[in-house]
Amino acid sequence: MMIRARLLPVFAALAVIAPPVCLAQDRWSEFRSGPFEIFSGARERDARQAIGHFEQFRHALGYIVGKDEMTAEPPIRILLFRNAKDLPPGTKPGQMVKGRDRVVFLMIPSGETDRGVMRACARMLLDSSLERMPASIERGLVDLFATLEVEGTHITLGRPLPPEERSRDWALLHMLTVRPEYRGKARVMLGNLRNGVDEGPAYRNAFGKGPEEIERELDLYISAGAFETTPVSGRALNAQRDIPERRVEPEAAQLALGDLLLEPGSRQAYHDILEAPEFRARAHEGLGLMALQAGDTGAAREHLAQAIAAGEAGEDNPPGGRAYLEYARLETDDAKAVAALDVAVKRNPNFAEAHFLMARRLADPHRRLAHLRNAARIAARREDYWSALAEAYLAEKNFSEAAKAFRDAEQAATTKDSRARMREARLSIEAKRLDYEAAERRRKADEEERELRLLKEAAIAEIRELEAKANRGQSPASPGAEVVPWWDGPKASGRARGVLKQVECTRGQVRLVIEGDDKSVTRLVLRDPSQVAISGGGETTLGCGPQKGRRVTVEYFPKADPKARTAGDVASIEFQ
């Protein structure tokens, strides 16, 4: 049997209601599959048909867009009443409510699927599961799935909308998913668009035709008006057998009423169950959210704090993530706010908004970056998340990742101006990278030059000190006077004659480079100038670096050092 629920459009304005007694008194059951939860006071068969319909709807949408597992965040609850009289006063069948921790649709069993409900569900699944595609493509998909028909595991796609609802966007997606020559290729086009490929290449990759040619065919398709249907393979699921039923206790039903967050019925429903320990935390959470709706931040903070305290006390049903998130918004102490958000993301790692708020409160740049990555990954359609992630990467000088994040922000943008800003930011990164690398090269060169200068100055100072120590108390030798060696130890057996080309000063060691008359080079170590006799005319001090080419005779103790490329240790130096 085909399940179709005839409901009124969603997004209707909410009226002030009073709590219906029947919700807490009647027998209610729960059925869950994926992100959908049927909370039913209707017949079991109606509830099972409803959960089967929504699950096949999710499966078919995932098949068409090429996504294996579509999800919704927050989850979707369908409150299925027996008839319109059982609905909360002031509400309508098909009404959508953003509740405490779920989006809720109020429904009754009927003969035909409400297009507004299915549009809203398709939009939520797309927003939660896929990267943003062109708005016209998404509008066409949402309208296309508004009339999806489900009978057991048999799915029919393409039933025409009423003439007044047939937009060009809907007709394009109808043509590409229903006509035999296109329907097997539409997933390729949609996959390309999901990955950020421009429409022109995406069309040609899928169909071998550009957008202009497809548009001309679309004109003929619309003029012909022959909108057929096509079968879509369903999920192997028997809703009457495969999905377990769970009995809902009266207090849980009362909580479900409160979770609509509608005044004054929800407030009364929450107060009625505050004394039940298993529901106290969630009731306080709901009261806190209602206080926020009313602009009473003091009462909101008090109720949210009590919800968190009840959760920490180990009660069976701790508050949802929104309690921690909204409490953190109200908390001025960053440490307390971060502690609350940390609980929120641990209980729900896919809570993108909590990750993002956590990043804004953290001082540690590495932790901030990690939470921004999580937020952008989970909520891939949030331009502001991607932009904040890109800026964080820029602060870390990670230019390649910043460019990728700006590219994702460009895809997530919903306006032409926003896309242009993100594109400009991405293109400017190359100039920033080049400027940064040039500045880094200059900084490193300056540091190396400064270190080398300090090393030279230290070596020269050491040599000067050693020379002064060696010459302290000695009178200068008379010109032409014979130098009498004072050394009475072993005689130096090596001798090098030639031009002193270089004095190499390194930390803790001085080396002489002598070029012989035959152009051979001898390198000798000057370990302790105080133990070396220096004689000859003219300047007898040694400065680091290239020398003026004075001829010398150096006696040395042969002691080859292959690593330092030296022949021995200097014993005496005679300048000529």
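User: Before we start, what counts as a nonpolar core here?

Analyst: A nonpolar core is a set of buried Ala, Val, Leu, Ile, Met, Phe, Trp, Tyr and Cys residues joined through side-chain atoms within 4.5 Å; please keep in mind that this is a predicted model.

User: OK, so in the largest one, which residues touch the most other members?

Analyst: The largest nonpolar core has 66 residues, and within that set Phe-105, Leu-141, Phe-145 and Met-189 touch the most other members. Helix α2, spanning residues 44-65, supplies the largest share of this core, with 9 residues.

User: What's in the second core?

Analyst: That one is separate and holds 28 residues, among them Ala-256, Leu-262, Tyr-270 and Ala-283.

User: Switching to the sheet, what's the strand order?

Analyst: The sheet is open and made of 6 strands, ordered β4-β5-β3-β2-β1-β9, with mixed pairing. Because β4 (96-98) and β9 (246-248) each have a single partner strand, they stand at the edges, and one side of each lacks a neighbour in the sheet. From one strand to the next, the twist averages 25°.

User: How does β4 join β5, parallel or antiparallel?

Analyst: The two run antiparallel and are joined by 3 bridges, β5 being residues 103-107. Phe-105 in β5 is the bridge partner of Met-96, and Phe-105 is also among the residues that touch the most other members of the largest core.

User: And which strands do the helices lie across?

Analyst: Helix α2 lies across β1 (28-33), β2 (36-40), β3 (76-80) and β5, running at about 165° to β2, while helix α3 (residues 115-129) lies across β2, β3, β4 and β5, at about 160° to β5.

Definitions and conventions: Residues are numbered from 1 along each chain as its sequence is written. This is a predicted model: local features need pLDDT of at least 70, side-chain atom pairs count only at pLDDT 80 or more; totals for chains, interfaces and linings use all residues. Side-chain values use heavy atoms; hydrogens and water are left out. Buried means under 20% relative accessible area, exposed over 50%, partly exposed in between (1.4 Å probe, protein chains only). Helices (H or I, at least four residues) and strands (E, at least two) are DSSP runs, numbered from the N terminus. Two strands pair if DSSP finds at least two bridges between them. Axes are lines fitted to C-alpha atoms, for helices over the stretch in contact, and angles run from 0 to 180 degrees between N-to-C directions. Contact means heavy atoms within 4.5 Å.
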